[in-house]
Every structure is written in structure tokens, then in C-alpha cells.
Amino acid sequence: MVRVTRRYAFAASHRLHAPQLGPEENQRIYGKCNNPFGHGHNYVLEVSVRGPVDVETGRAVDLTLLDQLVQRVVLEPFDHRHLNTQVAEFASLVPTTENVALVAERRLREQWPAGWPRLEKIRIAETERNIFEVDGCSQNESR
Amino acid sequence: MLITRKVEFSASHVCALPRLTAEENRRLYGEAANPHGHGHNYVIEVTLDGQPDPVTGMVIDLKELKEILNREVVDPMDHRLLNREVPPFDRVVPTVENLAIEIWRRLEAPLSGGPGRLHRVRVYETPDLFADYFGE
């Protein structure tokens with residue numbers, strides 16, 4: 001079994017604000033990320049799959065098809081968007097990078113073709129200093 | 001404790017199966033199927049699992065590890081066409097997955113019996129694609 005990891009990038013804006021909390025509380029929890037007009041990041045997304053290497057092709061995953069899936073379900077909908085207003089899940093969910101990772105993982109898992117190697121992990125770096133990982137089999141508990 | 005040493009080499013390869021047409025190979029391997037070959041700066045991370053020696057404070061002598069990596073991996077592969085000059089890639093497609101497995105295979109014997117157990121071989125073909133092999 002080999003784990004293959006592919007790295008992608010998207011740029012998006014977000015604002016961290018929990019409507020259940022007051023302005024001061026939001027400011028205290030999210031700091032600058034609570035600024036009303038939002039701000040952006042160059043997100044780096046890594047998708048790891050694990051499976052046996054095909055004896056003939058030498059591949060554990062068809063990278064062309066993986067790229068197409070990630071492009072369709074994550075990159076196109078997220079890239080150069082305002083996550084809060086343009087990505088459906090974040091209408092009622094704070095787009096922290098924890099939640100962005102869970103949403104991306106769920107989107108991939110829901111579209112993951114039968115027979116593909118296992119989606120093992122996804123990892124999103126919001127900046128070089130803030131990095132979030134979720135298991136591919138994690139149940140999305142965010143609401 | 002895990003300890004990782006990184007080495008690099010540059011090599012060229014072609015990813016294609018002889019029984020497939022040029023178009024099918026291109027579908028399967030993308031630009032890597034170009035029959036003239038192309039190259040990468042491969043980055044290899046080798047991770048060992050072990051405990052620091054109570055006297056030296058080291059899991060393994062890193063000079064020794066570097067010599068093994070150079071002898072078994074870098075010297076035979078650096079500035080080579082993998083398909084022609086580095087067995088088994090004359091008959092096995094030199095994908096990043098197969099490189100990770102082959103590098104593990106080359107390191108397993110020289111590192112066995114030593115202070116650190118081989119834990120992982122990671123091969124970066126580019127910063128955007130890498131494979132991890134854990135020996136099984």
C-alpha cells in the first residue's frame with residue numbers, strides 16, 4: 001500500500017463571526033478574523049489517498065481523475081470566492097479552517113467513486129503557520 | 001522517536017506502458033508519458049524509528065545514514081534516465097509510487113540490524129505530488 005498525496009491551492013476570503021455571540025465576544029474569540037469585511041488567504045489543500053499499487057501501471061490512483069474530482073467539488077466552488085456568502089455550507093457554519101477542512105472532506109467523500117483507493121486524509125494550510133488535518137473517514141460533525 | 005533525513009537527486013523518466021497507444025498512455029500518465037522523457041528534482045525523506053542512545057544521544061549516526069542513502073539511492077539514480085539506467089525501471093514503470101517502494105527495498109537491508117528501524121520512505125516528484133511507503 002502506498003499513500004499518494006497531491007497538493008492543490010485556492011484563494012478565498014472569509015470572515016469568522018458566530019451569530020449566536022455578541023460583537024465583543026466575537027472580537028475576543030476571532031480577533032482580526034472578525035473584521036466585518038472579511039479577508040483572504042492562499043489556502044493549500046493536500047489530499048492523501050492510500051491503496052495498493054497496480055502491478056502494471058505502477059499507480060495507486062489515477063491522478064487525472066483525482067485532479068478532476070478535486071477541481072470540481074472543492075477548487076472551482078472555493079477558489080476566488082467569499083466562503084461565507086458563496087459556498088452554501090458556510091451560510092450557517094463559521095468558515096474556520098477546521099470547518100473548511102471538514103466541508104472539503106465531506107464534499108470529496110460524498111463524490112468519491114466506488115473502487116477508488118481510500119481517501120485517507122486531507123490537510124489544509126490557511127497560512128504557513130496554521131495547518132488543519134482531518135481523516136478521510138471522519139464523520140462530519142460540524143453543523 | 002522518529003528521525004528523518006532528506007536527500008535529493010535529479011533524474012529523468014518516462015511513464016508509459018508499451019502495450020498501450022500513445023493516446024492511452026497520455027490519458028493514464030498525462031504529460032509524464034512523453035516518450036522523450038522529462039526530469040524532476042526528486043526529494044527523498046527517509047524516516048527511522050528508534051530511541052536515542054543513552055551515551056551519544058543519537059538514534060543513528062547521521063553521517064552513516066547519509067552514506068547509505070548516497071550509496072544506495074543518490075549515486076545510482078542521480079542524473080540518470082531511470083527507465084534505462086536504474087533497474088527495475090527497465091521493466092517497471094517509474095511512477096512516484098514505484099520509486100518509493102524501490103527506495104525502501106534498497107534501504108531495507110543496509111539499515112536492518114542497525115539502531116533505527118526504517119519507518120517511512122517519502123518521495124516528492126514535485127512539491128505538488130509525493131508518495132509515502134511504510135513497507136507494506
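**Figure 1. The largest nonpolar core of the predicted model.** This core holds 55 residues. Ala104(A), Ala100(B), Ile103(B) and Val123(B) touch the most other members. Helix 4 of chain B gives the most to the core, with eight residues. In soluble globular proteins, nonpolar side chains tend to be buried together. Apart from this core lies another, of eight residues. Its members include Val14(B), Cys15(B), Tyr29(B) and Ala32(B).

**Figure 2. Surroundings of Ile103(B).** Residues up to four places away in sequence are not counted here. Ile103(B) touches Ile44(B) and Val73(B). Val121(B) and Val123(B) are also in contact with Ile103(B). One of these partners, Val73(B), is a buried residue of helix 2 of chain B. Another, Val123(B), is among the residues that touch the most other members of the largest core.

**Figure 3. Helix 2 of chain B and its bend.** The helix spans residues 62-77, 16 residues in total. From first C-alpha to last it reaches 21 Å, close to the 22 Å expected at 1.5 Å a residue. A bend of about 45 degrees falls at Asn70(B). Just after the helix, His79(B) takes a positive phi of about 60 degrees.

**Figure 4. The buried residues of helix 2 of chain B.** They are Leu65(B), Leu69(B), Val73(B) and Met77(B). An α-helix has 3.6 residues a turn, so residues three or four places apart point the same way. The cover over these buried residues includes three strands of chain B: strand 1 (2-13), strand 2 (38-49) and strand 3 (80-81). Helix 3 (82-85) and helix 4 (96-111) of chain B also belong to the cover.

**Figure 5. Where chain A meets chain B.** Here 15 residues of chain A are in contact with 18 residues of chain B. On the chain A side, strand 1 (2-14) and helix 2 (63-78) each supply at least two residues. Strand 1 of chain A gives the most, with six. The chain A side divides into six nonpolar, four polar and five charged residues.

**Figure 6. Strand pairing between the chains.** Strand 1 of chain A and strand 5 (residues 129-133) of chain B run antiparallel. Five bridges join them. Val4(A) stands opposite Ala131(B) in strand 5 of chain B.

**Figure 7. Chain A, element by element.** Chain A has four helices and five strands. Along the sequence they follow the pattern β-α-β-α-β-α-α-β-β. Of its 143 residues, 29% count as buried. The C-alpha atoms of chain A fill a box of roughly 60 × 25 × 25 Å, taken along the principal axes.

Notes: Residues numbered from 1 in each chain as written. Chains lettered and ligands numbered in written order. Predicted model: local features only at pLDDT ≥ 70, side-chain atom pairs only at ≥ 80, totals over all residues. Expected span 1.5 Å × (residues − 1). Bend = angle between axes of the 7 residues up to and from the residue. Buried ≥ 20, exposed ≤ 12 C-beta atoms within 10 Å, placed from the backbone. Contact = placed C-beta atoms within 7 Å. Core = buried A, V, L, I, M, F, W, Y, C linked by C-beta atoms within 7 Å. Nonpolar A, V, L, I, M, F, W, Y, C, P; charged D, E, K, R; others polar. Pairing = 2+ DSSP bridges.
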